Amino acid sequence: MTEMESNIRLLAKAKRITISEEDLKLLISQMETATKELEKLEAIISEDVPLFMPPLTSKLQSLDGS
Amino acid sequence: MNSLCSISMKEASDLISTHEVKPSELVEAHIERINTTDDKLNSFVTVLSESALSSSLIAEKEIMGGNYRGPLHGIPIGLKDLYDTAGITTAVGSKIYRNRVPTKDATVVSRLKEAGAIVVGKLQMHEFALGATSINPHDGPARNPWDTDRITGGSSGGSASSVSAGQCMASLGTDTGGSIRIPAALCGIVGLKPTFGRVSRNGVFPLSWTMDTVGPMTRTVEDSALMLNAMASFDPEDPGSASHKTEDFTRKLGLGIKGLTIGVPQEYFYEATSTEVREALSEAKKVFRSLGAQVIPISIPVLEHSLAISGTIMLTEAASVHESNLKDKAFDIGDDVRLRLTQGALYTAVDYLKAQRGRHEFNSQIKKAMETVDILLAPTVGIGAPNIDDKTIVLHGVEYPALALMPRLTRPHNICGLPTISIPCGFTSSGLPIGMQLAGRAFEDSVVIQTADAYEKVTDWGKESPDI
């Protein structure tokens, strides 16, 4: 069993989610891809990016300077 | 087809306002059109013939009595089946909510009714709006009017097919990752995703609340502007509603685009895009230049992270919305949607926050880009509508899951919430519509409408109708 499969099984059990064996195979592949994408994303997040997200609408309104 | 089903909403409202056509004639023509075509298209999950005809007679009396409410008065529209409608089933494309009957209308539905619009039915969609095909395991697939063996795109599939086929004059969709723009492009109509916060989502079933956006789907740009006029407002009942001033979104129609700058992102949008779609966009650039706009390349490197940011946020928020469904009724959910919701439930809180922090960087780069251009131009979908049975598509020697190609190009605009419109810009060699999207600065929806209108006025792509 791969680490990803093990993690998914544990998480699903903890969250009380039933996953079929067919879904599990697809989820392993998708979560592996997603994890790699998030690792790449992490590399571009600079240290000065706030750790707390302000409310989205005020952020959007600041896009046009209002 | 009755000619009343092929004209634009604006043309119909002009005929109504001058008493040349009665609302009842218009509604009857569209109900008849639904009755004769929907066995082929499957656009509607509920047809409201009686109430629509009854409302049309009331509208008629009001208009004849000198109480004309404006350009939506007497106009038949359809609603994606996630808009709450008092006393009418709103199932969100699911088996789980098959018996869900709201007690009041969504804010935007109330506003459209106040403007005189007549609801002719509720429209087919991808289950929970979590998918871009509108292949629905409970209601069957929505079918593309240009080729009924092909998908409409989604998740607002019925909203697009119904307008494209003349079953209603305008519809409402929702757009979280492209669900208005994708089906609009694949069905050859106009789809407008307004700035996040412009239109109330109160009474609209959520998918991903930091990106969900309500918008109109129509046959012309002008019709979308007229719909938005009636829809846009601040609503304290929607925590994402923006207290921005309301305006007349038709005011820049016909002004042209001389002096505007259109940026063409050099990253992301053309890798998984067919040669035909690339060529259509090249031709569109020529048209914009001929209209006096400056068309320039622009670099936005963060675009390559679009799927990581939007995918993580959308699936995690959707899993939160459907947490109890996933725990207790998982196998009442279609296979593809269940899989996506489960993926969302498996992301950690750290993953979600990482995506939100990435969103901050994304928005910073987009903001910087929008300081140098008025509009961003890109294809809406990289290919024409796939067959309902297509599993993979090969593009430039690379095999892609067919369904993954659908939302690839639309998701960036949901991350930053910019107003974006998809309009027809060509056809594939198979005769399938191609769409392009134009995005503007936040709350400059009228500039997006102005640009789309200028292009539409000098091209014929949107004037074609499917033979159904």
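## Strands and shape in chain B

In E17(B), B:Gly435 is the bridge partner of B:Pro424. Keep this pair in mind as you work through the exercises on this predicted model.

**Exercise 1.** Work out which way strands E16 and E17 of chain B run relative to each other, parallel or antiparallel, and how many bridges join them.

*Solution.* Start with the general idea: strands of a sheet pair through backbone hydrogen bonds, either parallel or antiparallel. Next, locate the two strands: E16 covers residues 420-427 and E17 covers residues 433-440 of chain B. Seven bridges join them, and the strands run antiparallel. The pair B:Pro424 and B:Gly435 is a bridge pair between these strands.

**Exercise 2.** Place this pair in its sheet, then find which strands stand at the edges.

*Solution.* The sheet is open, has 11 strands with mixed pairing, and follows the order E1-E3-E2-E8-E10-E9-E16-E17-E13-E11-E12 in chain B. Now look at the edges: strand E1 (44-47) and strand E12 (294-298) of chain B each have a single partner strand, so one side of each is left without a neighbour in the sheet. From one strand to the next, the twist averages 30 degrees.

**Exercise 3.** Decide how the compactness of chain B relates to that of a globular protein of its length.

*Solution.* First, take stock of the elements: chain B has 15 helices and 17 strands. Its radius of gyration is 20 Å, close to the 23 Å that the globule rule gives for 468 residues, so chain B is as compact as a globular protein of that length. Finally, add the burial: 63% of the 468 residues of chain B count as buried.

Methods: Residues are numbered from 1 along each chain as its sequence is written. Chains are lettered from A and ligands numbered from 1 in the order in which they are written. This is a predicted model: local features need pLDDT of at least 70, side-chain atom pairs count only at pLDDT 80 or more; totals for chains, interfaces and linings use all residues. Helices (H or I, at least four residues) and strands (E, at least two) are DSSP runs, numbered from the N terminus. The radius of gyration is taken over C-alpha atoms; the globule rule is 2.2 Å times the number of residues to the power 0.38. A residue is buried if 20 or more other C-beta atoms lie within 10 Å of its own, exposed if 12 or fewer, and partly exposed in between; C-beta atoms are placed from the backbone. Two strands pair if DSSP finds at least two bridges between them. Axes are lines fitted to C-alpha atoms, for helices over the stretch in contact, and angles run from 0 to 180 degrees between N-to-C directions.
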